Amino acid sequence: WWWAFVLGRLGDSKRPILIEIDDCELVRVRGLALLDAPRFNIYLGEFTRGASIRDMTIIVDWRAQVAMLTDLTSLPMFPFNTDGIDAAGSDVAIENCVVS
């Protein structure tokens, strides 16, 4: 996905979200490792209630992004904006997570 985006092959499409949860109750997400999401790693929409995010590792490899610059003269944004956890819902618990 990243190379298609950088080379302009995706048109006007928005960058995808790895995990998008909305209009749900009592959702549990645990023990995942996520790497280099194009946009948000986890998005909890405004109608999500009672979600629990635990024991997660979310990483953006910014060194790889820097390496991409050696071959390209212009990128639309740098470093790429990849939110860790975007919690718009209510009663959300985020515990024991590493976001780097």
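A residue is called exposed when its relative accessible area is over 50%, buried when that area is under 20%, and partly exposed in between. In this predicted model, asparagine 96 has a relative accessible area of 58% and is therefore exposed. Asparagine 96 is located in the loop between E8 and strand E9, the latter spanning residues 98-99. When neighbours within four places in sequence are set aside, the contacts of asparagine 96 are Arg54, Asp55 and Met56. In addition, the C-alpha atoms of asparagine 96 and isoleucine 53 are 8.5 Å apart in space, although 43 residues separate the two in sequence.

A second asparagine, at position 41, has a relative accessible area of 0% and is therefore buried. Asparagine 41 also belongs to a loop, namely the one that runs between strand E3 (33-35) and strand E4 (42-44). Its contacts, again without neighbours within four places in sequence, are Leu18, Ile19, Leu34, Ile58, Thr82, Asp83 and Gly84. The loop between E3 and E4 also holds aspartate 36, which is partly exposed because its relative accessibility is 23%. The phi angle of aspartate 36 is near 55 degrees, a positive value in a residue that is not glycine.

Charged side chains were considered next. Side chains of opposite charge can pair when their charged atoms come close. A search of the whole structure finds one salt bridge, and this is formed by glutamate 95 and arginine 54, whose closest N and O atoms are 3.7 Å apart. The pair joins distant parts of the chain, since glutamate 95 belongs to strand E8 (residues 93-95) and arginine 54 to strand E5 (residues 52-54), with their positions 41 residues apart in sequence. Glutamate 95, at 39% relative accessibility, counts as partly exposed, and arginine 54, with a relative accessible area of 29%, is likewise partly exposed.

Charge also appears in a negative surface patch, which is made up of Glu20, Asp22, Asp23, Glu25 and Glu46. One of these residues, glutamate 25, is placed in the loop between strand E1 (19-21) and strand E2 (28-30), and its relative accessible area of 58% makes it exposed. Aspartate 23, another member of the patch, is found in the loop between E1 and E2. Aspartate 23 is exposed, because its relative accessibility is 62%, and its phi is positive, at about 55 degrees, although aspartate 23 is not a glycine.

How values were computed
Residues numbered from 1 in each chain as written. Predicted model: local features only at pLDDT ≥ 70, side-chain atom pairs only at ≥ 80, totals over all residues. Heavy atoms only, no water. Helix = DSSP H or I, 4+ residues; strand = E, 2+ residues; numbered from the N terminus. Buried < 20%, exposed > 50% of the residue type's maximum accessible area, 1.4 Å probe, protein only. Contact = heavy atoms within 4.5 Å. Patch = residues over 30% accessible without salt bridge, like charges linked within 9 Å, V, L, I, M, F, W, Y side chains within 5 Å. Areas by Shrake-Rupley, 256 points an atom, 1.4 Å probe, with all protein chains shown as cover. Salt bridge = Lys/Arg side-chain N within 4 Å of Asp/Glu carboxyl O. Lys, Arg positive; Asp, Glu negative; His and termini not counted. Charge placed at Lys NZ, Arg CZ, Asp CG, Glu CD.
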